[in-house]
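Trainee: I've got this model open and would like to learn how to read it. Could you walk me through it, feature by feature?

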Amino acid sequence: MLAVLLGILKIIGLMLLAVLLLVLLVLALVLLVPVRYTGRGEWEEAPRVQAGVSWLLHLVSLRVIYDGSLRVRLRLFGFYVRELTGGEGAAAEEETSEGKTEKNEISQMQTIPFGKEFPRQVLHEDIRTETGTEEKPLPETLKSEKQTAKKKRKSFASLWDSLMMKIRGIFSGILSRVREVARGIREKVTGLLQKKELVLNFWHEEKNRATLSLLKRQIFCLLRHVRPRKMKGRVRFGFDDPYTTGQILTVVSPFYGWYAKNVQIIPVFDGQALDGELVLRGRICIGAVLLTAGRMLLDKNFRGWIKWFLRRA
């Protein structure tokens, strides 16, 4: 009886050990195996964007594609779990399918044997001029092709105008937001200067200076970790108003040291322009991010800052 009980306890212990090892293995995979990200964007006449995130040798991957229509694909262990589509491309496909059905109906109507009555919408009325001569009507296919070409030109022009308006709105919003942030920082600095003694006392405390130095090191370590390992591209842009182009160039110029070796920025001041391509690739290790956060949380003074901030919020 005792041997049976010991055997049952042994089996239970082995099962618990196997579960513990499995949990440790999963935890090690989550913390140590990096999440890899890739991105590719092109802009000639229309935008084409591809972005993907994968983990553990592509056993889990998420891919986003936009080339007129948005497609999102989720794949687990090599099998597509779900695919979402939407956007203007789906509507365009519906329109093209409707156009194809109309052309098929017209072709079927035109193959009716001679002597039978044609549908009224297929037949053309005789167009007579003042001199009495008859003009040969254009075939329906040519008319439809001309109409579709006009629609494409109009849609492209409207798309370009709307895109330019959106880009201007985005950058104007960014610039206004930067101005607001700068104004707020200036007001805060002015308020702090009025409390000069309090700021000086805070800065001269050795523990605060050590915490700020630690925070600065950890932020730079995190940025070096998450930045793309490979990046290459070219961007050429311009607006009708050279002032807008100069403003955008002013916004991106502080980051010149970061992208100068890999990305070429070409401003155009004498007209509208928007084209280029960009390819990037990198990885993020969750364990490294948690390690950076843990280093800061181990600092007692930094925890005091967090408590003070939460009380003020």
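Trainee: Let's start with charged pairs. What do the side chains of Glu277 and Arg234 meet in?

Mentor: A salt bridge, and the rule for one is a side-chain nitrogen of Lys or Arg within 4 Å of a carboxyl oxygen of Asp or Glu. The side chains of Glu277 and Arg234 fit that, at 3.4 Å from N to O. This pair links distant parts of the chain, with Glu277 in strand 10 (residues 273-284) and Arg234 in strand 8 (residues 230-238), 43 residues apart. Helices (H or I, at least four residues) and strands (E, at least two) are DSSP runs, numbered from the N terminus. Keep in mind that this is a predicted model: local features need pLDDT of at least 70, side-chain atom pairs count only at pLDDT 80 or more, and totals for chains, interfaces and linings use all residues. Residues are numbered from 1 along each chain as its sequence is written, and side-chain values use heavy atoms, with hydrogens and water left out.

Trainee: Are Glu277 and Arg234 buried or exposed?

Mentor: Somewhere in the middle. Buried means under 20% relative accessible area, exposed over 50%, and partly exposed in between (1.4 Å probe, protein chains only). Glu277 counts as partly exposed because its relative accessibility is 31%. Arg234 is partly exposed too, with a relative accessible area of 21%.

Trainee: And which side chain does Asp275 meet in a salt bridge?

Mentor: That of Arg236, with N to O at 2.7 Å. Asp275 lies in strand 10 and Arg236 in strand 8, so this pair ties together parts that are 39 residues apart in sequence. Asp275 is buried, its relative accessible area being 14%, whereas Arg236 is partly exposed at 31%. Put the pieces together and you get a network of salt bridges linking Arg234, Arg236, Asp275 and Glu277.

Trainee: How many salt bridges does the count come to?

Mentor: By this rule, 6 salt bridges. One of them joins the side chains of Arg40 and Glu42, at 3.1 Å from N to O. Arg40 is partly exposed, at 41% relative accessibility, and Glu42 is partly exposed with a relative accessible area of 31%.

Trainee: What about charges on the surface? Which residues form the positive surface patch?

Mentor: First, the idea. Patches are made of residues with over 30% relative accessible area and no salt bridge; like charges are joined within 9 Å, and nonpolar side chains (Val, Leu, Ile, Met, Phe, Trp, Tyr) within 5 Å. Lys and Arg count as positive and Asp and Glu as negative, while His and the chain ends are not counted. A charge is placed at NZ of Lys, CZ of Arg, CG of Asp or CD of Glu. Here, the positive patch consists of Lys207, Lys300, Arg303, Lys307 and Arg311. Helix 9 (residues 300-312) gives the most to that patch, with 4 residues. Lys307 has its place in helix 9, and counts as exposed because its relative accessibility is 55%.

Trainee: Which residues make the nonpolar surface patch?

Mentor: Val53, Leu57, Leu59, Leu62, Leu74, Leu76, Phe77, Phe79 and Val81 make a nonpolar patch of about 870 Å². Areas like this come from the Shrake-Rupley method with a 1.4 Å probe; for residues, only the protein chains shown count as cover. Strand 4 (69-76) and strand 5 (79-87) each supply at least two residues of the patch, and Val81 lies in strand 5.

Trainee: Leu84 lies in strand 5 as well. Which residues is Leu84 in contact with?

Mentor: Contact means heavy atoms within 4.5 Å. Leaving aside neighbours within four places in sequence, Leu84 is in contact with Leu70, Arg71 and Val72. From C-alpha to C-alpha, Leu84 and Leu74 are 8.9 Å apart in space and 10 residues apart in sequence. Leu84 counts as partly exposed, at 43% relative accessibility.

Trainee: One more residue: what does Val30 touch?

Mentor: Trp55 and Ile286, not counting residues up to four places away in sequence. Val30 lies in helix 1 (residues 2-32) and counts as partly exposed at 32% relative accessibility.

Trainee: And the whole chain? How many helices and strands does the chain have?

Mentor: There are 9 helices and 10 strands. Of the chain's 313 residues, 16% count as buried.
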